[in-house]
Amino acid sequence: MKMRLMLTAVLLSLCLTTLAEAASFDLGARFGRTVEEDGGTAEVAARYFPIPLVSLGATLGYTRIEYDKDWYYKESDTMALGGYLNGHLPLPFVKPYAGIGGIYYANNDTDSANPADQGDERSRTMTIQGGVDISLPLPFLSVNIEARHLVSDDQTMILGGVWFRF
């Protein structure tokens, strides 16, 4: 109980110090592929830095995946909504990060020769991600590369895009 109270006090003091004045907000767009299956993804993303070491992020994405089921192929269009918590190293130009998150998605427009694979379905998965932000010479602009492992789906996504910092 005392540990929880101390942790809460430390978190509150960090949020109320001058570090909190350095809060920033990023908007971005990323594109990528799944490693295990043939498919591409596009997402818009936002993240908020309450302090320079921590970010809270959210994404809204569209993915089209083609599964090879040995005797037939399955194509699935997916809309995904994600939330993430990342820890960042405060380096000057190249800023690596790692974190955890969750994705809720709905499979729509599934096309398959197997009638059992037809229809809509909803699912969710936990994610583990790591990436790097590379600052560009243009103000408020950085390039982003991220690898994201979807734990329940046992899939890995590689994404790249840009961030605009406000």
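Let's start with some sorting: Ala, Val, Leu, Ile, Met, Phe, Trp, Tyr, Cys and Pro count as nonpolar, Asp, Glu, Lys and Arg as charged, and the others, Gly among them, as polar. Keep that in mind for the cavity below.

The model above is predicted, so local features need pLDDT of at least 70 and side-chain atom pairs count only at pLDDT 80 or more, while totals for chains, interfaces and linings use all residues. Residues are numbered from 1 along each chain as its sequence is written, and side-chain values use heavy atoms, with hydrogens and water left out.

Now for the hole inside. A cavity here is a set of points, on a 1 Å grid over the protein atoms alone, where a 1.4 Å probe fits but cannot get out, and its lining residues have an atom within 4 Å of a point. Volume is the space filled by probe spheres set on the points, with points joined across faces, edges and corners. One cavity of 30 Å³ or more turns up, and the largest holds about 80 Å³. Its lining has six nonpolar, three polar and three charged residues, including R30, T59, Y84 and W163. Strands β2 (38–51), β3 (54–68) and β4 each supply at least two of the lining residues; a strand is a DSSP run of E, at least two residues long, numbered from the N terminus.

Y84 shows up again in the largest nonpolar core, alongside A80, I103, Y105, L150, M157 and L159. The elements giving two or more residues to this core are β4 (73–88), β5 (94–112) and β8 (155–165). A nonpolar core is a set of buried Ala, Val, Leu, Ile, Met, Phe, Trp, Tyr and Cys residues joined through side-chain atoms within 4.5 Å. In soluble globular proteins, nonpolar side chains tend to be buried together.

Next, find T127 in strand β6 (residues 121–135). T127 counts as buried because its relative accessibility is 0% (buried means under 20% relative accessible area, exposed over 50%, partly exposed in between, with a 1.4 Å probe and protein chains only). Not counting residues up to four places away in sequence, T127 touches Y84, I103 and L150, among others, where contact means heavy atoms within 4.5 Å.

Finally, head for the loops. F140 sits between β6 and β7 (141–150), and D154 between β7 and β8. F140 counts as exposed because its relative accessibility is 59%, and D154 counts as exposed because its value is 54%. Neither is a glycine, yet phi is positive: near 65° for F140 and about 50° for D154.

Definitions and conventions: Helices (H or I, at least four residues) and strands (E, at least two) are DSSP runs, numbered from the N terminus. On a 1 Å grid over the protein atoms alone, a cavity is a set of points where a 1.4 Å probe fits but cannot get out, and a pocket is an open set with protein on both sides within 12 Å along at least five of seven lines; lining residues have an atom within 4 Å of a point.
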